[in-house]
Amino acid sequence: MKKYALIWLGIVVGISILAGCGTASASPLPTLAPTSPPPTAPTLPPPTVHDETAVAGATSIAQLPTNIPQPTATATPTITPSPTATPTATPIGPCDARMPQDDLFTIVTQTYGLSRDYAPQDLVLLTDYLPVEVTLGYPTELRQVALGPLIQMIADMQNAGLQPWILSGYRSYSAQAISWEKWNREEPERAAILSARPGHSEHQLGTTLDFGSPELADIVGIEDIEFHTYFYQTSEGIWLAENAHRYGFTLSYPRGAQELTGFFYEPWHFRYVGEEMATFLRDAGTYLTEYQLINQPEPCIP
Ligand SMILES: [Zn+2]
């Protein structure tokens, strides 16, 4: 249909625009363990896994150290320590303490990025689980860990009379690289704010989605536009801002987050972090990147 063709055109442009999405890792939060799905998550059929883009060993660089060498001897009170008593362990640097890239809290900003080799291992195709009125037929992929909460959230939105669209999900490193090159070729002066460098998009995590609304075009006054800051004025945008945390989704780039994240306000861009963390962030009036950069050591830059 013409409408979908235009939507698709818009999405191709929109995908590039949507900066969002970076990388890097941080250490786990000390008091939160938000990995369990919301209690309302529905029972799901076995997912179809689409992991052809996965790269072997993608998570191997991010393991937390589990066996820090200790000194094996101490000097006697009256004798100078022998050479063998000296600890031989090298210092544990920030990169040695990186969070696995498939962790729900991995930091991704324009500064801190993901490995070019990282691809999630549990991607599913949303068209297998959601109606075309929601997916618009796009082959959007999402990590299975976020699928149940998403399906429940979409169902609740539809029951409330809303018409949420899902416009973008997982984006591979190479797809982001193509987008980045395109923007640098066509609008080099604005590329840095219109797109994320490859490895620096949260979409590479596979837990991040961009939502759309059929109301947006009328509000903005541009036919078939899919991404615009005015999404926050749509019925779907308002509902997501108020309720997404109850399903484990958090707004990655709220107003004023640019200094830390490198991205402007993106009211359509939500990342799954689990209900506990998402609710904590909302109640604290903060967002994931700010919380982690303040409370955790800086992640290393790969
Ligand atoms: Zn996005």
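# Cavity, metal site and core

Student: Which residues line the largest cavity?

Tutor: Its lining consists of Glu202, Ser252, Tyr253, Arg271, Tyr287, Leu288 and Thr289. A cavity is a set of points, on a 1 Å grid over the protein atoms alone, where a 1.4 Å probe fits but cannot get out, and lining residues have an atom within 4 Å of a point. This is a predicted model, in which local features need pLDDT of at least 70, side-chain atom pairs count only at pLDDT 80 or more, and totals for chains, interfaces and linings use all residues. Residues are numbered from 1 along each chain as its sequence is written, and side-chain values use heavy atoms, with hydrogens and water left out.

Student: What volume does the largest cavity have?

Tutor: The volume is about 30 Å³, and the structure holds one cavity of 30 Å³ or more. A volume here is the space filled by probe spheres set on the grid points, which are joined across faces, edges and corners.

Student: Pockets next. What is the volume of the second largest pocket?

Tutor: The second largest pocket has a volume of about 290 Å³. Among its 16 lining residues, Ala241, Thr250, Leu251, Arg282 and Thr286 are the closest to its centre. Helix 7, strand 5 (249-251) and helix 9 each give two or more residues to the lining. A pocket is an open set of grid points with protein on both sides within 12 Å along at least five of seven lines. Helices (H or I, at least four residues) and strands (E, at least two) are DSSP runs, numbered from the N terminus.

Student: How many helices and strands are there in the protein?

Tutor: The protein has ten helices and six strands. Of its 302 residues, 49% are buried, where buried means under 20% relative accessible area, exposed over 50%, and partly exposed in between (1.4 Å probe, protein chains only).

Student: Now the metal. Which atoms coordinate the zinc ion?

Tutor: The donors are His203 (NE2), two OD atoms of Asp210, and His269 (ND1), at 2.1 to 2.8 Å. Donors are N, O and S atoms within 2.8 Å of the metal (3.2 Å for Na, K and Ca), and water is not among the atoms, so sites may look incomplete. Along the sequence, the donor residues follow the spacing H-x6-D-x58-H. His203 and Asp210 are both buried.

Student: Why is the arrangement around the zinc ion irregular?

Tutor: The arrangement is irregular because the four donor atoms subtend angles of 51 to 155°. Four donors count as tetrahedral if all angles lie between 85 and 135 degrees; four count as square planar and six as octahedral if opposite donors are over 155 degrees apart and all others between 65 and 115; anything else is irregular. For reference, the ideal angle for four tetrahedral donors is 109.5 degrees.

Student: And the largest nonpolar core: which members touch the most others?

Tutor: They are Leu150, Met153, Ile166, Phe211, Leu240 and Phe249, in a core of 43 residues. Helix 3 (147-159), strand 3 (165-168), strand 4 (208-212), helix 6, helix 7, strand 6 (269-272), helix 9 (275-284) and helix 10 (288-295) each give two or more residues to this core. Helix 3 provides the largest share, six residues. A nonpolar core is a set of buried Ala, Val, Leu, Ile, Met, Phe, Trp, Tyr and Cys residues joined through side-chain atoms within 4.5 Å.

Student: Take Met153. What is it in contact with, leaving aside neighbours within four places in sequence?

Tutor: With that exclusion, Met153 is in contact with Phe211, Trp239, Leu240, Ala244, Tyr247 and Phe249. Contact means heavy atoms within 4.5 Å. Across the protein, among contacts with a separation of 6 or more, 76% join residues 24 or more positions apart.

Student: Backbone question: what is the phi of Leu136?

Tutor: Leu136 is not a glycine, yet its phi is positive, about 60°. Leu136 sits in the loop between helix 2 (132-135) and strand 2 (141-143), and it is buried at 6% relative accessible area. Asp224 also has a positive phi, near 65°. Asp224 lies in the loop between helix 6 (216-220) and helix 7 (235-243), and it counts as buried at 17% relative accessibility.

Student: Last one, Ser168: buried or exposed?

Tutor: Ser168 counts as buried, at 5% relative accessibility, and it belongs to strand 3. Ser168 and Leu142 are 26 residues apart in sequence, with 9.3 Å between their C-alpha atoms.
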